[in-house]
Amino acid sequence: DDISQLPLNELLATTGQPPPALVPLPQRLMASAAVSEQRRRQRSIRRRTLVLVYLPRSATEDHICAAVDRALGQQGNVRQARIQRERWGTSKCWGLFEFADPETAAAAHEACRLSQVSLHDTDGHLWH
């Protein structure tokens with residue numbers, strides 16, 4: 001069925017919404033502004049987020065956050081941390097770490113690159 005050929009009352013019954021041409025311009029602009037704001041927030045989060053890999057299987061989010069804080073010399077650098085896990089709970093040895101701002105994320109990236117972010121696993125091996 002070609003939805004554009006339906007009478008307005010059938011279109012409203014089928015989709016629950018009027019066709020875009022009948023939506024008032026301010027409403028369309030508000031929807032467009034909301035989408036733009038959502039995209040801006042997503043870009044901002046991407047600039048603050050690092051994927052950290054080759055983590056010790058026994059490491060927790062708190063272990064990694066503490067190692068980053070030690071390397072950067074201050075507390076609270078990581079806003080959110082999530083190590084990816086198998087269905088049964090075992091670490092996949094990588095995770096997503098969102099930092100306070102892009103500058104802190106860049107500093108953490110550099111600290112990782114220089115092997116300044118380090119921690120010991122349960123066997124006493126040093127990971128960096």
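A strand here is a DSSP run of E with at least two residues, numbered from the N terminus. With that in hand, here's a walk through this predicted model, starting at its largest pocket.

The largest share of that pocket's lining comes from strand E1 (residues 49–53), which puts in 3 residues. The pocket holds about 270 Å³ of space. In total 14 residues line the largest pocket, and those closest to its centre are Val-53, Leu-55, Cys-112, Val-117 and His-128. Sorted by class, the lining is 11 nonpolar and 3 polar residues, with no charged ones.

Now for the sheet that E1 belongs to. It's an open sheet of 3 strands in the order E1-E3-E2, and the pairing is antiparallel. E1 and E2 sit at the edges with a single partner strand each, so one side of each has no neighbour in the sheet. From one strand to the next, the twist averages 20°.

Here's how the pairing looks strand by strand:

| Strand pair | Bridges | Direction |
|---|---|---|
| E1 (residues 49–53) and E3 (residues 91–99) | 5 bridges | antiparallel |
| E2 (residues 78–85) and E3 (residues 91–99) | 6 bridges | antiparallel |

A few bridge partners help you find your way around. Val-53, one of the residues closest to the centre of the largest pocket, has Trp-94 of E3 as its bridge partner. On the E2 side, Val-78 is matched with Phe-99 in E3, while Arg-85 has Ser-91 in E3 as its partner. E2 and E3 form a hairpin with 5 residues between them. If you're checking backbone torsions, look at Gly-89 in the turn, which has a positive phi of about 100°.

Two helices come up against these strands. H3 lies across E1, E2 and E3, and runs at about 135° to E2. H4 also packs on the sheet, where it touches E1 and E3, and its direction makes about 20° with that of E1.

So how do the helices meet each other? H3 (residues 61–72) and H4 (residues 102–113) pack at an angle of about 90°, and their axes are 10 Å apart. Angles of 65 to 115 degrees count as roughly perpendicular, which makes H3 roughly perpendicular to H4. On the H3 side the contact is made by Val-68, Ala-71 and Leu-72, and on the H4 side by Thr-104, Ala-107, Ala-108 and Ala-111. By class, the residues of this contact come out as 6 nonpolar, 1 polar and no charged.

Notes:
Residues numbered from 1 in each chain as written. Predicted model: local features only at pLDDT ≥ 70, side-chain atom pairs only at ≥ 80, totals over all residues. Heavy atoms only, no water. Axes fitted to C-alpha atoms, helices over the stretch in contact; angles between N-to-C directions. Helix = DSSP H or I, 4+ residues; strand = E, 2+ residues; numbered from the N terminus. Parallel < 35°, antiparallel > 145°, perpendicular 65-115°, else oblique. Contact = heavy atoms within 4.5 Å. Nonpolar A, V, L, I, M, F, W, Y, C, P; charged D, E, K, R; others polar. 1 Å grid on protein atoms, 1.4 Å probe; cavity = no way out; pocket = protein on both sides within 12 Å on 5 of 7 lines; lining within 4 Å. Points joined across faces, edges and corners; volume = space filled by probe spheres on them. Pairing = 2+ DSSP bridges.
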